[in-house]
Amino acid sequence: MKYKLEDFDPKNNKTVCVSAWSHLHASTDGKVYNCCMNSDKPMGDYEDESLKDIWNGEEIKKFRVKTLNGIKQSQCNLCYQQEEMGNHSFRMFFWDTFNNKEILESTKEDGTVDDINLTYWDFRFSNVCNLKCRTCGPVYSSTWGEELSRVKPEENGGHSALRRGNGTNILKSLEDENQYQKAESIYFAGGEPLIMNEHYVILDNLKKYNRTDVKISYNTNFMNLFFKKTPVWDFWNKFDNIQLQTSIDGLDNRGEYIRKGFNMETYKTNLNLVRTNSPHVKIGASIAVSILNTLHIFDLIDTLINDLKFNPHLININFVFGPSYYNPQNLTTDLKNKWLSLYEKEIVKYIEPENTYFPVYNNIKNILDRIKTFLFEKETDEVQVGYFKYQTEFYDNVRGENFKEVFPELIGMVNAKII
């Protein structure tokens, strides 16, 4: 069978995803997936497999063939759900960005693609991280792993605090398979990429191969800007296209509660340092929307725009799906209605006349509209409310924190009667 470019277009095919022809996502434990939205079915393991083995391994070949033939894959459900809601999914992003005609049409009947074509990289070499956010966990944070091993060792599955795959193996494969020449976009996340050695190895190799034109993007907690006493802008200033999404989930004590180790003043200082020393770097703000910050998000967005001078188009959100007890859909009904009242009051700030030639706030309006749709899409799961109460009280005791003092607007979450 000879596949044609139109077979890969999401308008024609509701299951296929170009990620399996252009991308690999390596998790902190060495497992490799077709993208970061898939955390269920690994395509390989870079601990003991080469890049070449994974690229045409049985799992990824089956994935290519099945999706090309319209068979939905369970690991892709998040994208399918987003599309059903009318949102632009990650699956659509891959088509829009990495639809290389020659590579796609070279697919063999069994799913083999002879040329490794990693145009978009996302390798999480370890979980090393200097924060332990409430909405995260030990898979993506070594400090979380250390705490869990100490207070709930049975839940850490015997893992060490630091989880690390064989980064040397994948770094070597990238060079051996000439992937630096093919790279178009590289995404760094973690753990925390700015304290991860492998991140700097890749930057050095990009310079070695004269690929300073590659788009480099980050999701960073933005608490540390130095690597072995060298400021990160000394690296970034050698590259043409650097984009940061800096994680901030709340202001002051709310932000510091949600993201343990986050400091509001450090965030502001680092913002000024990068703007001064690397003015070409685009800096955005990334908000993980959870139960903890849903009612606070209006103040947060207002501060980001008016006080911290973020471009409204560079503010984005992600919904917290797990742990499920932090999923904002599990706010109590009373708190959802309270949010809706705030929304109706605040949304007027971001509505611009229909004939506005260069709308400034349409992204913010879209963000708030997305939250509104998401919150009311599902009813509150009272079991998860119970988990929320238990986990909140448990980690407040462990960390010496007080949820009720920091989030008086959310008292209803811990006072709710569970039937």
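Trainee: Which residues touch the most other members of the largest nonpolar core?

Mentor: This is a predicted model, in which local features need pLDDT of at least 70 and side-chain atom pairs count only at pLDDT 80 or more, while totals for chains, interfaces and linings use all residues. Residues are numbered from 1 along each chain as its sequence is written, and side-chain values use heavy atoms, with hydrogens and water left out. A nonpolar core is a set of buried Ala, Val, Leu, Ile, Met, Phe, Trp, Tyr and Cys residues joined through side-chain atoms within 4.5 Å, buried meaning under 20% relative accessible area, exposed over 50% and partly exposed in between (1.4 Å probe, protein chains only). Of the 119 residues in the largest such core, those touching the most other members are Tyr267, Leu368 and Ile371.

Trainee: Which residues does isoleucine 371 contact, leaving aside its neighbours within four places in sequence?

Mentor: Contact here means heavy atoms within 4.5 Å. With those sequence neighbours set aside, the partners of isoleucine 371 are Val289, Thr294, Ile297, Ile317, Phe319 and Trp339.

Trainee: How many disulfides does a search of the whole structure find?

Mentor: A disulfide is a pair of cysteine sulfur atoms within 2.5 Å. The search of the whole structure returns a count of 0.

Trainee: Why is cysteine 36 not bonded to cysteine 35?

Mentor: Cysteine 35 is buried, with a relative accessible area of 5%, whereas cysteine 36 is partly exposed at 32% relative accessibility. The pair forms no bond because the sulfur of cysteine 36 is too far from the closest cysteine sulfur, in cysteine 35, the distance being 5.3 Å.
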